[in-house]
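Colleague: I should like to discuss the interior of this protein and its cysteines. Please take me through the points one at a time.

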Amino acid sequence: QMLVLDNAATCVQANARGRASRRGLAGCTPAVAPAPLIFIRLAPGTLLGFKAAPGLPEQGRLPAIERGAHGGPSDWAAIYPQLDIAAAANYLPNQWDRGEAEAHIAALVCEEELSVAVLRDARLSEGSYPEADKASLVRQAFANAGLSLAPAAPLMDAVGEHSVCLLARDADGHELILPHAMWRHSALSALPLYSFSQSARIPGTTSRAAAVQPDTAALCLSREDLADPAQL
């Protein structure tokens, strides 16, 4: 079934502290569902979250965040936005560990209507449940919903072939998982908020942080709304 909600219910809002609300994505529970997988649709312009990315904002290297970082494609290789800017900043050390000299934090916004498959299965949040079994669980849920995933493709690549992203349980609640295909097909845009540099004197730490003026026509944040980057 397709659950269509208006912008007021589904938009992941950004408040004056730059925090995305979980209200829209995590608040949709059907009374009776014939299968564990349901779908919601997000309107163009919805703020999806925030992401630390390698390089300076103008380099547009967001697709490289996950793919290839661990020696090859995996079922779960995708883009994982955080729901607040401070959480995204916690991932900056990963960029320094990968040898990056510059990094930035961007807000991720959908450029077209986005279909989100919601899977509320507690097994996905269990650390003892094997990752391969979790992937099989997702594949079965899609099959039950009438969407066959390519068996030879990594899970999130196969999900992306249907122009769908996944909202699934994790240890802290729900996690939005965006296939790389969403970026390649221009379904997403990244609006830079902050830029950072790794320290040459103390490798692995940040030496410079600066706020970048976002495109306020696309994102309802102004420079005054952004936190002091030195405090992130």
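**Cysteines, core and rings**

Modeller: Cys 110 counts as buried, at 1% relative accessibility; buried means under 20% relative accessible area, exposed over 50% and partly exposed in between, with a 1.4 Å probe and protein chains only. This is a predicted model, in which local features need pLDDT of at least 70 and side-chain atom pairs count only at pLDDT 80 or more, while totals for chains, interfaces and linings use all residues. Residues are numbered from 1 along each chain as its sequence is written, and side-chain values use heavy atoms, with hydrogens and water left out.

Colleague: How many disulfides does the count come to?

Modeller: A disulfide is a covalent bond between the sulfur atoms of two cysteines; the rule here asks for a pair of cysteine sulfur atoms within 2.5 Å. Cys 165 is buried at 0% relative accessibility, but its sulfur lies 8.5 Å from the closest cysteine sulfur, that of Cys 110, and is therefore too far for a bond. By this rule the number of disulfides is 0.

Colleague: Which element gives the largest share of the largest nonpolar core?

Modeller: A nonpolar core is a set of buried Ala, Val, Leu, Ile, Met, Phe, Trp, Tyr and Cys residues joined through side-chain atoms within 4.5 Å. The largest one has 23 residues, of which Trp 76, Val 138, Phe 142, Leu 155 and Leu 166 touch the most other members. Two or more residues come from each of β2 (37–42), β5 (114–119), α5 (131–144), α6 (155–160) and β6 (164–170); these are DSSP runs numbered from the N terminus, helices being H or I with at least four residues and strands E with at least two. The largest share, 5 residues, is given by α5.

Colleague: Which residues does Ala 117 touch, not counting residues up to four places away in sequence?

Modeller: Ala 117 has its place in strand β5 and counts as buried, at 0% relative accessibility. With contact taken as heavy atoms within 4.5 Å, Ala 117 touches, beyond those sequence neighbours, Leu 37, Ile 38, Phe 39, Phe 142, Val 164, Cys 165, Leu 166 and Leu 167.

Colleague: Which residues form the aromatic pair that is tilted?

Modeller: Rings of Phe, Tyr and Trp (its six-membered ring) pair if their centres lie within 6.5 Å, with planes under 30 degrees apart counted as stacked, over 60 as edge-to-face and the rest as tilted. The search of the whole structure finds 1 aromatic pair. At 6.3 Å centre to centre and 40° between the planes, the tilted pair is Tyr 194 and Phe 196.
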